[in-house]
Amino acid sequence: FTAKKQRNTCRLYTPSMNELPQKEVMLESGLYPALESNQFMLYYQPKVDLESGRIYAAEALLRWKHPEFGMVPPMEFIPIAEKTGFIIPLGEWVLREACRQVKRWEKQGLPQLSVSVNMSMIQFQQKNIVHTIQSIISEEGVRPQQIELELTESIFMDNPDHTLRILHELKRLGLALSLDDFGTGYSSLSYLQSVPIHYLKLDKSFIHDIVSDYRKQMIFKSLVVIAHNLDLKVVTEGVETAEELDIIKGHQCDSVQGYLYSPPLPPDRFAELYRKHSA
Ligand code: C2E
Ligand code: MG
Ligand code: MG
Ligand code: MG
């Protein structure tokens, strides 16, 4: 312990270098018990079709209600779950829970909603990934058409040919596939040539500053044209303002997801929003 003088007070502290790893260690050791004691939950964010103005789908986003840290965002614990392999059981739980939610909403009179689930590259390295996904969906009694998988380009880093085969199998089963976060990291147009996807999700970094940045607008516009020529639908993430929406609409983007419409919500509040929205 070192004493540090701070604004006229003297207090004891553990050097901050030790504080972060400490939380990480606690998150890591807490993952398994968290799954056992229902600390994970899914929030849902609407995707809105710009032509009809309707909510047509929801993205399931994982939340961890930690007994000490409160809500831990996925960016903090998913990398840990990936590093330890825990993402495998956790990812299966996410898919199963999303399927169950689809059924619950159906019973509550919310029809025709598809739910998307984010997949980690670690899940794609599993040999039996297609079988696992298919089993969960059929055990839960959901049609594959109601489930969409969101994938990032990272799944191609390891073994691109293997990944491509898997994607073709998943597509053949009837699942919808999205390429998520397009425009970040190693995004490359070459993926668009070969990857059997239905939706291209443009990352929120595209939208950031788009109102004042003409070049961004032109890149956005061009990407939408490329996607449409390849028979892909374009979803824009991170739309927060009416001005951004205007530009996106002006360039024929198909749908949006963002705080402008709604942040991710617990299932009941999502249902409420859906009813209000479609009334
Ligand atoms: P993502 O799949 O790209 O999800 C979109 C993220 O953008 C979500 O953050 C969402 O809350 C946020 N977002 C939505 N609209 C807006 C907006 O208008 N403005 C801004 N600034 N942000 C917006 P979240 O929920 O924190 O998730 C972060 C990432 O964690 C996700 O990015 C995804 O990569 C990962 N993730 C979440 N759930 C899962 C999961 O179940 N499995 C895996 N493997 N990854 C997940
Ligand atoms: Mg996503
Ligand atoms: Mg994204
Ligand atoms: Mg992301």
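In the predicted model, the axes of α5 and helix α6 (residues 160-173) come within 10 Å and cross at roughly 20°. Angles under 35 degrees count as roughly parallel, and α5 is therefore roughly parallel to α6. The crossing of α5 past α6 is right-handed. On the α5 side, the contact is made by Ile129, Val130, Ile133 and Gln134. These residues meet Ile166, Glu169, Leu170 and Leu173 of α6. By class, this contact comprises six nonpolar residues, one polar residue and one charged residue.

Helix α5 (residues 129-139) also packs with helix α3 (residues 87-107). Here the axes lie 9 Å apart, at an angle of about 30°. The helices α3 and α5 are therefore roughly parallel to each other. Their crossing is right-handed. From α3, the contact draws on Glu92, Leu95, Arg96 and Cys99. The partners in α5 are Thr132, Ile133, Ile136, Ile137 and Glu139. Five residues of the α3 contact with α5 are nonpolar, one is polar and three are charged. Ile133 appears in the contact with α3 and in the contact with α6.

The open and enclosed spaces of the model were examined next. The largest pocket has a volume of about 1,000 Å³. Its lining consists of 34 residues. Of these, Glu59, Leu61, Pro74, Met75 and Asn118 lie nearest the pocket centre. Several elements give two or more residues each to this lining: the strands β4 (55-66) and β8 (176-182), and the helices α2 (74-84), α3 and α4 (121-124). Helix α3 thus has a part in the pocket lining as well as in the contact with α5. By class, the pocket lining divides into 14 nonpolar, 10 polar and 10 charged residues.

The structure holds one cavity of 30 Å³ or more. The volume of the largest cavity is about 40 Å³. Val102, Trp105, Glu106, Leu110, Pro111, Gln112, Leu113 and Gln146 line this cavity. Five of the lining residues are nonpolar, two are polar and one is charged. Glu106 is the charged member, and Gln112 and Gln146 are the polar ones. The nonpolar part of the lining is formed by Val102, Trp105, Leu110, Pro111 and Leu113.

Conventions: Residues numbered from 1 in each chain as written. Chains lettered and ligands numbered in written order. Predicted model: local features only at pLDDT ≥ 70, side-chain atom pairs only at ≥ 80, totals over all residues. Heavy atoms only, no water. Axes fitted to C-alpha atoms, helices over the stretch in contact; angles between N-to-C directions. Helix = DSSP H or I, 4+ residues; strand = E, 2+ residues; numbered from the N terminus. Parallel < 35°, antiparallel > 145°, perpendicular 65-115°, else oblique. Left-handed = near helix turned anticlockwise from the far one by under 90°. Contact = heavy atoms within 4.5 Å. 1 Å grid on protein atoms, 1.4 Å probe; cavity = no way out; pocket = protein on both sides within 12 Å on 5 of 7 lines; lining within 4 Å. Points joined across faces, edges and corners; volume = space filled by probe spheres on them.
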